[in-house]
Amino acid sequence: MRNSVMAASVLLLLASACSNDKKDKAAATDSMKVDTMANMVDTSQTKPIDSATAAKAWETYMKPGNEHQMLAQSVGNWNAEITFYSPSGEIVSTNTGIKAETKMILGGRYQQSTYKGQIDGMPFEGVGTTGYDNAKKVYVSTWMDNMGTGVMYLEGTFKESTKMLTSMGSATDVVTGKAMKVRETLTFADDNIQLMDMFDTKDGKEVKTMSIKLTRVK
C-alpha cells in the first residue's frame, strides 16, 4: 500500500513537472511573439531626413502664399450685424452696431479680426484668427470671446466658383461640457460684403445657430 502511494506521488510530481515545462515553453513562445510584434516597426517612417530636405520643407511651410494674400484682402474696418436663430430656425435676436477690425499679423501669415460691441444688451468682445497651413493644405481658424472660456477650432477649404470658405471643426457644448461638431461657411459676396453662417450638430441633426453680415467701412 505504501509503495502504491509513493508511486502515485511520483507520477503526480512528474505530471506537474511536465505541465510546468509546457507552461514555461508556452510563456516563452508568447514572449517571443510579443517581442517580434514590438520589433515590427514601419521603418519607412523612421528613416532620418537629411538637413537639406528638412530645411526646404520648413522654408515652404513658413512662406506666405496666394492663400495668405487672399486673406489680406479683408484687411480693414467692418460693420457687423449678428443674428441668432432658434433650433426651429426662427430669428431670436439681431444685433447691430458691432465693429470689427481685421489685420494681418506675424509677417502676413495670419489674419486677425477683433470684434467689439453689444449682444443682447451685454458688452461683447471677440477675437478670431484665420491662416492657411501650407503643410496640411487647409485654412485654419480659431475663435474666442468674452461670452465663453473655450476655443473653437476649424479647418476648411475655399471654393473659387462660389467664393465660399467652408470650415468644419468643434466647439464646446456648454450644457454637456463635451465637444460638438460645428460648420461654418463664409461667402465673399464682393470686396465689401461678407456673409457668414454657423451651424451646430446636436443629436445627429445640424441646425443653423448664427449668421453675420460684414459690411466694409469705406
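These legends go with several close-up views of one predicted model.

Because the model is predicted, local features are kept only at pLDDT of at least 70 and side-chain atom pairs only at pLDDT 80 or more, while totals for chains, interfaces and linings use all residues. Residues are numbered from 1 along each chain as its sequence is written, and side-chain values use heavy atoms, with hydrogens and water left out.

**View 1. The whole chain, with 3 helices and 10 strands.**
Helices here are DSSP runs of H or I with at least four residues, strands are runs of E with at least two, and both are numbered from the N terminus. Reading from the N terminus, the order is α-α-α-β-β-β-β-β-β-β-β-β-β. The strands make a closed barrel of 10, running S1-S2-S3-S4-S5-S6-S7-S8-S9-S10 with antiparallel pairing. From one strand to the next, the twist averages 25°; for such angles, axes are lines fitted to C-alpha atoms (for helices, over the stretch in contact), and values run from 0 to 180 degrees between N-to-C directions. Two strands count as paired if DSSP finds at least two bridges between them. Of the chain's 218 residues, 27% are buried, with buried meaning under 20% relative accessible area, exposed over 50%, and partly exposed in between (1.4 Å probe, protein chains only). Take the contacts between residues at least 6 apart in sequence: 32% of them join residues at least 24 apart. A contact is a pair of heavy atoms within 4.5 Å.

**View 2. Helix H2 and its cap at Asp-50.**
H2 covers residues 51-62, and its end C-alpha atoms sit 16 Å apart, which agrees with the 16 Å that its 12 residues should span at 1.5 Å a residue. That expected span is 1.5 Å times one less than the number of residues. At the N-terminal end, a side-chain oxygen of Asp-50 lies 3.2 Å from the backbone nitrogen of Ala-52.

**View 3. Inside the largest nonpolar core.**
A nonpolar core is a set of buried Ala, Val, Leu, Ile, Met, Phe, Trp, Tyr and Cys residues joined through side-chain atoms within 4.5 Å. This one has 25 residues, and those with the most contacts inside it are Ile-82, Ile-98, Tyr-115, Val-182, Ile-212 and Leu-214. Strand S8 (residues 179-190) supplies the largest share of the core, 4 residues. Zoom in on Ile-98 and, not counting residues up to four places away in sequence, its contacts include Trp-78, Ile-82, Tyr-115, Ile-119 and Phe-124. In soluble globular proteins, nonpolar side chains tend to be buried together.

**View 4. Strands S4 to S7, side by side.**
S4 (residues 122-133) pairs with S5 in the antiparallel sense over 8 bridges, and Thr-130 has Ser-141 in S5 as its bridge partner. Next along, S5 (residues 138-145) and S6 (residues 152-159) run antiparallel and are joined by 5 bridges. They form a hairpin with 6 residues between them, and Val-140 stands opposite Glu-155 in S6. S6 also pairs with S7 (residues 164-172), antiparallel again, over 7 bridges. In that pair, Tyr-153 stands opposite Ser-170 in S7. The S6 and S7 hairpin has 4 residues between its strands, and Lys-163 takes a positive phi near 55° there.

**View 5. Tyr-139, a buried residue in strand S5.**
Tyr-139 counts as buried because its relative accessibility is 7%. Setting aside neighbours within four places in sequence, it touches several residues, including Glu-67, Met-70, Leu-71, Tyr-132, Phe-158 and Leu-165. Glu-155 is another of its contacts; the two C-alpha atoms are 5.5 Å apart, though 16 residues separate Tyr-139 and Glu-155 along the chain.

**View 6. Ser-93 and Asp-120, joined through their side chains.**
Ser-93 is in strand S2 (residues 91-105) and, at 12% relative accessibility, is buried. Asp-120 lies in the loop between S3 (110-119) and S4 and is partly exposed at 48%. Their side chains make a polar contact of 3.0 Å, meaning a pair of N or O atoms within 3.5 Å; within protein, one must be able to donate a hydrogen and the other to accept it, and residues adjacent in sequence count only if both atoms are side-chain atoms. Asp-120 is not a glycine, yet its phi is positive, at about 50°.

**View 7. Asp-203, in the loop between S9 and S10.**
The flanking strands are S9 (193-202) and S10 (205-216). Asp-203 counts as exposed at 84% relative accessibility, and its phi is positive, about 55°, although it is not a glycine.
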